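Work through the following exercises with the sequence and the model at hand, and try each task before reading its solution.

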Amino acid sequence: MRYTLNLRDTYMNNNVVIIGTQWGDEGKGKIVDWLTSYAKAVVRFQGGHNAGHTLVVDGKKTILRLIPSGILHENVICYIANGVVVSPEALLEEIAELEKHGISFCGRLHLSYAAPIILPSHVALDQAREHVLGIHKIGTTGRGIGPTYEDKVARRGLRLVDLLDINTLTEKVTTLVNYHNFLLEHYYQVKPIALKDILSTAMEWSQQLSPLITDVSHCVRTHQDKNEPVLFEGAQGSLLDIDHGTYPYVTSSSTTISSVFSGVGIGPSQVDTVLGIMKAYTTRVGSGPFPSELHDETAEYLAKQGHEFGSNTKRLRRCGWLDIVFIKKAIQLNSISCFCLTKLDVLDGLSHINLVIDYQIKSMLSLDMEEPIYDILPGWESNTAGIRDWAALPLNTKSYIEKIESLIGVPITMISTGPDRADLIIRKNPFQS
Ligand code: GDP
Ligand code: IMO
Ligand code: MG
């Protein structure tokens, strides 16, 4: 049995999952950070340091790639579960950077023994593949994410547990890097990676990371058994999902709800609420179809006003209108029960706002060819930045939000009106049922 019913259960949802419902960068990090004050633990369950989650607290910006966005809250434990691909190099850099800013990790960060390791040769393979694809490139973050997930599925990859046994580590690293170097040299015809360097770095990783490696599934289930609130932090967005996204222009993990179960090692009854994060317009980094993409001054306005360049790779994000058809798909894929609408304030200066409500041709086979059908709503042309109270929103803003709710049939229970942690309107906290 999961837990003994007590009084708290009658008003708490203990297990909340945060899922991006577009092509990533919806503002998940900010919302995870805010919700962490209601949680005991925060768990990353898929993706890797291709993610870039931005938190702003009292004007101070922190960008997280691998470390869960709950880390700024002192009494919360953060977990990187088995579904995440871990670059020890990136992780150690991120830890060092946060420590410089006074964040303490003592007993607060745990890594799953079963998480796959990203090696420098994975990064080289990722970049070599993109180079060969030329104009057809996926536009990956170049961080080695795809090749590492490939090695996991091919059952030849390394996992964090391999860092615990230095007697076998050399042989395991050598076998894998030799294979990568064969591909790099003979297929992609680029320079191989120096095995010697990887071997000595792997020994350092072993020393530094071994104390953090544990059975994360067990730890998370223990929190759940004790009835402690747990927040599960998704990376990327539903349209980047390897199965359900705009393939092949997707990432290499499942970015939808199923990853919580396989990526942590819990069952569906251990999730109470799925909070979808939806930006008030749409952005995309990298290549691939984007039917509501704009190429005019509104695109420039959204990019400038929303600071739409990658928090991770600094690439400019493509901008377009909010697509209700895709949001409905994300609702179905993830069983989303409530939404947080983010970056509402970015629309403040627009005289009209479009919503994609349908398509001329209904086929997911050739998104590029599809012509969106828009509903055009009046803008509000006044300031919503920093508003924290529903009643203070302009009438047209409320109508815009209510229109989205009526189209998607799921309530928008949180609204974000600025980058800062406190710039939020809470209509209902997802931890409260
Ligand atoms: P994530 O990957 O989903 O966590 O999102 P990112 O952090 O990559 O991108 C979201 C960007 O928008 C960051 O720069 C945030 O600081 C910023 N942001 C988040 N919410 C809001 C909001 O409501 N309004 C504005 N103006 N910016 C926001
Ligand atoms: P967060 O968590 C936006 C995109 C890349 C590329 C594709 C494949 O910050 O929302 P990959 O390196 O994963 O093989 O690249 O996926 N991508 C993201 N786009 N936000 C992200 O994460 C992303 N993570 C990957 O731009 O198009
Ligand atoms: Mg991001």
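Domain bounds, as used below, come from an automatic or database domain assignment. The model is a predicted one, in which local features need pLDDT of at least 70 and side-chain atom pairs count only at pLDDT 80 or more, while totals for chains, interfaces and linings use all residues. Residues are numbered from 1 along each chain as its sequence is written, chains are lettered from A and ligands numbered from 1 in the order in which they are written, and side-chain values use heavy atoms, with hydrogens and water left out.

**Exercise 1.** Describe the domains of the chain and the interface between them.

Solution. Begin with the assignment, which gives domain 1 (13-112 + 215-426) and domain 2 (120-212); their C-alpha centres lie 29 Å apart. Next, take contact to mean heavy atoms within 4.5 Å, and 31 residues of domain 1 are then found in contact with 18 residues of domain 2. With buried area taken as the accessible area (1.4 Å probe) that two parts lose on being put together, summed over both, the two domains bury about 2000 Å² between them, and carbon and sulfur atoms give 64% of this. Finally, the count of salt bridges between the domains (a side-chain nitrogen of Lys or Arg within 4 Å of a carboxyl oxygen of Asp or Glu) is zero.

**Exercise 2.** Locate ligand 2 relative to the domains, and describe its surroundings.

Solution. Both domain 1 and domain 2 give residues to the shell around ligand 2, so the ligand lies between them. A residue is near a molecule if one of its heavy atoms lies within 4 Å of it; of the 20 residues around ligand 2, Asp25, Lys28, His53, Thr141 and Thr251 come nearest. Turning to polar contacts with the ligand (pairs of N or O atoms within 3.5 Å), a polar side-chain atom of His53 is 2.7 Å from an oxygen atom of ligand 2, and an N or O atom in the side chain of Asn50 is 2.9 Å from an oxygen atom of ligand 2. The protein covers 98% of the 550 Å² of accessible area (Shrake-Rupley method, 1.4 Å probe) that ligand 2 has on its own.

**Exercise 3.** Identify the surroundings of ligand 1.

Solution. Among the 18 residues around ligand 1, those that come nearest are Lys28, Gly52, Thr54, Asp345 and Ser416. Oxygen atoms of ligand 1 lie 2.9 Å from a polar side-chain atom of Asp25 and 2.8 Å from an N or O atom in the side chain of Lys343. Taken alone, ligand 1 exposes 580 Å², of which the protein buries 93%.

Definitions and conventions
A polar contact is a pair of N or O atoms within 3.5 Å; within protein, one must be able to donate a hydrogen and the other to accept it, and residues adjacent in sequence count only if both atoms are side-chain atoms.
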